[in-house]
Amino acid sequence: MAVQLYDTLRRTVEPLQSEPGEPLRFYCCGPTVYGPAHIGNFRTFLIQDTLRRVLEVDGQTVEHVRNITDLDDKTIRQSQAEGLPLAEFTAKWTQKFQADCAALNMRPPSNEPSAVAHIPQQIALVQQLVDKEHAYVSEDGSVYFRVDSFENYGSLSKLKQRDLKTQQQNSAGERNDADEYDRESVSDFALWKSRKPEDGDNYWPSPWSEGRPGWHLECSAMAESAFDGAMIDLHGGGIDLCFPHHENEIAQSECAHGRAFCRHWFHSAHLMVEGAKMSKSLGNLYTLEDLQTKGFPPAALRYSLIASSYRQQLNFTIDGLHAARSALLKMERFADSLLAVTGEDRNALATYINAETASGFGRFAKAWESLCNNLNTAACLGAIFGVIGSNPAPSLKAEDARALLDAFGSILYALGLQLYSVETPKQEAPDDILNLAQQRWEAKQARDWAKADEIRDELLSAGWVVKDSKEGFEVVPS
RNA sequence: GGCGCGGUAGCCAAGUGGUAAGGCCGAGGACUGCAAAUCCUUUAUCGUCGGUUCGAUUCCGACCCGCGCCUCCA
C-alpha cells in the first residue's frame with residue numbers, strides 16, 4: 001500500500017511518491033533560532049519526522065531538508081539584547097534545537113541549510129524577480145514582490161486576491177498600517193529589506209541597498225539550493241505558515257522559475273495547552289527541558305505529540321503526558337514478553353528497530369496500513385495495542401517471536417518511539433529509610449504483620465513506598 | 001466577513017451505511033498476611049433538529065457550540 005497524505009493544495013488525500021529513480025524531496029520550514037523551541041514547534045517537527053520515517057519503511061529514499069532561520073527580526077533583536085554577535089547567538093540556539101531533536105529521537109535531516117549562509121542565492125533570486133518585473137525597488141532600496149503580478153496568488157490558502165486587497169484590517173480590527181510607505185499594495189511583501197539602524201551589523205551589500213533578505217525569500221532560496229533547482233515533492237510546515245509564508249514562497253519561486261514550485265503541501269495543526277492557547281503570558285509555554293525537569297522522559301512527549309491526528313488541533317496536557325508514559329510502559333512489557341521467548345535481553349530490542357521488515361508486518365499489518373493512510377498515528381497505536389491486548393507471546397516459538405519483534409520494531413521505527421527509556425530513574429533511598437525498610441522486612445519474616453504495617457506507614461509518610469517480592473524488597477519514592 | 005479544523009464514554013482519541021478501535025483514569029476480580037506491581041473483567045448509541053435509506057454516529061440540509069489563520073507565529 002502506497003503512502004497517502006492529505007494535500008493542502010488539492011484538498012484531497014494523494015499518494016506520495018517521488019519521480020522514478022529520484023529521491024523524494026521533502027522540504028520543511030524549520031525553527032527560528034532565537035530561544036528554545038517549544039512543544040508546539042516540536043509537534044510539527046515530530047510529525048514531519050514521523051512521516052519521513054514512514055516513507056523510509058515504505059522503501060523510499062527521502063531527501064529531507066529542514067532549514068534554520070537564523071536571520072530575521074527576532075534573531076537580530078534578541079542577539080542584540082544579549083549583546084552577542086548574531087552568528088554566535090544563533091549557533092547557540094541551533095545547537096540547543098538539535099540536541100532537543102536528538103532527545104526526541106528525531107532523525108537528523110539530510111541537510112539543514114541556514115539563511116545567513118545563503119545570502120548570494122537570495123540576492124540572485126531577487127534579481128530574477130526584479131528582471132521579470134515581479135518585484136520593484138522602493139525609494140529606500142528595499143525590494144517588494146508585486147503580488148498583483150502573480151495570478152495564482154492565494155491558491156494554496158484559497159484566499160481570493162480581492163479579499164486580500166480589500167482586507168486592510170487585521171483580526172483585532174486595527175488597520176494594517178505598513179511601516180513602509182512605499183509599497184504599491186498592502187499585500188506586497190518584502191524580498192529585500194534595506195538596512196535600518198536597529199539591524200546593527202547585520203546587513204549585506206546588494207544591487208539595491210545594504211540590507212538583508214525577507215523571511216519568505218529565505219525558504220525559496222534554500223529549497224532551490226538544497227535540491228539543486230529540482231521541484232519540491234513535499235513541503236511541510238505548521239498550518240499558520242500556509243498564509244502568507246507558503247503563499248509567498250510559491251509566488252517567488254514560480255515567478256522566478258516559471259514552473260511549479262512544489263507538488264504536495266503538508267500542514268500540521270497547532271496545539272493548545274490545557275485547553276488554552278499556548279503563550280508565555282499564560283505560563284503554559286513548555287519547552288522540552290521544562291518537561292524533563294518535571295520528570296517526563298522525551299519519549300513520553302514524543303508519544304503524546306504524535307498520538308493524535310496531525311490535522312487536528314491537539315490539546316496538550318500533563319495528564320496526557322502521564323497517559324503517554326503509561327502506554328509506553330505497556331509496550332515495554334509486551335517487548336519483554338517477546339524477548340523472553342527469544343531468550344534475549346532488553347538490549348537486543350534495538351536490533352529489531354529499523355526501517356526493514358524481513359518477514360512483513362504480520363499481526364502489525366493493520367498498524368502499518370494506518371500509518372500509510374494519511375499518517376493515521378492514532379489508529380496505528382490502536383492497532384498496536386490490539387496486538388498487545390491479545391499477546392501471543394506465550395504460545396510462540398522463538399522464530400515466530402523474532403518475526404513479530406521484527407515487525408514491531410519497524411512500526412516502532414516508523415513512529416520513532418524508544419522503549420526502555422521511560423523508567424523513573426532509580427533513586428537510592430537514604431540510609432535511615434533503608435534501615436526502616438530492613439526492619440520491616442525482618443518483622444515481615446517473623447510474621448509480625450502489625451509491626452510491618454506500622455513501619456510501612458511510617459515510610460509512606462516519609463515519602464517512600466515499599467515494594468515486596470519473593471526475594472526481598474525495594475523502596476521507591478511515592 | 002473569508003478560509004480551515006472540530007464537537008464520539010470521567011479524560012484523550014480512531015472509525016464505518018448495518019447497532020461504536022485503542023490509551024489513561026476509575027471500579028470489580030485473581031494474586032498478596034495486607035499492600036505495591038502484574039494479569040483478567042468492566043464503563044458510550046457518537047452536539048441539536050430535520051431529510052434520504054430497510055437501516056445513519058457515518059450521506060444531505062439547517063442550526064448551536066468550541067478553536068485556528070486572515071502579512072512575517074510550527
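How many bridges join strand β7 to β8, and in which sense do the two run? Keep that question in mind while you load the view. One caution before you start: this is a predicted model.

**Stop 1: the β7-β8 pair**

Select residues 189-194, which form strand β7. Add residues 211-213, strand β8. Three bridges join the two strands, and they run antiparallel. Now pick out W192 and show P213 beside it. P213, in β8, is the bridge partner of W192.

**Stop 2: the whole sheet**

Widen the selection to β5, β6, β7 and β8. These four strands make an open sheet, in that order, with antiparallel pairing. Look at the two edges, β5 (135-137) and β8 (211-213). Each has a single partner strand, so one side of each is left without a neighbour in the sheet. Neighbouring strands here are turned by 20° against each other on average, direction ignored. Strands of a sheet pair through backbone hydrogen bonds, either parallel or antiparallel.

**Stop 3: RNA strand B**

Show RNA strand B and the residues around it. There are 51 of them. The closest are G238, L241, S309, D453 and R456. By type, the residues of this surface divide into 16 nonpolar, 19 polar and 16 charged.

Which parts of the RNA face the protein? Of the RNA strand B atoms within 4 Å of the protein, 62% belong to sugar or phosphate, and the rest to bases.

Now zoom in on three contacts:

- K193: an N or O atom of the side chain is 2.9 Å from a base nitrogen of RNA strand B.
- D453: an N or O atom of the side chain is 2.5 Å from a base nitrogen of RNA strand B.
- G238: a backbone N or O atom lies 2.3 Å from a sugar or linking oxygen of the RNA strand B.

K193 also takes you back to the first stop, as β7 spans residues 189-194.

**Stop 4: helix α12**

Select residues 365-372, helix α12. Its buried residues are A367, W368, S370, L371 and C372. What covers them? Show β1 (4-7), α1 (39-57), α13 (377-389) and α14 (398-415), which are among the covering elements. Then step just past the end of α12 to N374, which takes a positive phi of about 60°.

**Stop 5: the β14-β15 hairpin**

Finish with strand β14 (residues 464-468) and strand β15 (residues 473-477). They pair in the antiparallel sense over five bridges. A hairpin of four residues joins β14 to β15. Select W464 and look across: P477 in β15 stands opposite.

Note on methods. Residues are numbered from 1 along each chain as its sequence is written. Chains are lettered from A and ligands numbered from 1 in the order in which they are written. This is a predicted model: local features need pLDDT of at least 70, side-chain atom pairs count only at pLDDT 80 or more; totals for chains, interfaces and linings use all residues. Side-chain values use heavy atoms; hydrogens and water are left out. A residue is near a molecule or strand if one of its heavy atoms lies within 4 Å of it. A polar contact is a pair of N or O atoms within 3.5 Å; within protein, one must be able to donate a hydrogen and the other to accept it, and residues adjacent in sequence count only if both atoms are side-chain atoms. Ala, Val, Leu, Ile, Met, Phe, Trp, Tyr, Cys and Pro count as nonpolar, Asp, Glu, Lys and Arg as charged, and the others, Gly among them, as polar. Two strands pair if DSSP finds at least two bridges between them. Buried means under 20% relative accessible area, exposed over 50%, partly exposed in between (1.4 Å probe, protein chains only). Contact means heavy atoms within 4.5 Å. Axes are lines fitted to C-alpha atoms, for helices over the stretch in contact, and angles run from 0 to 180 degrees between N-to-C directions.
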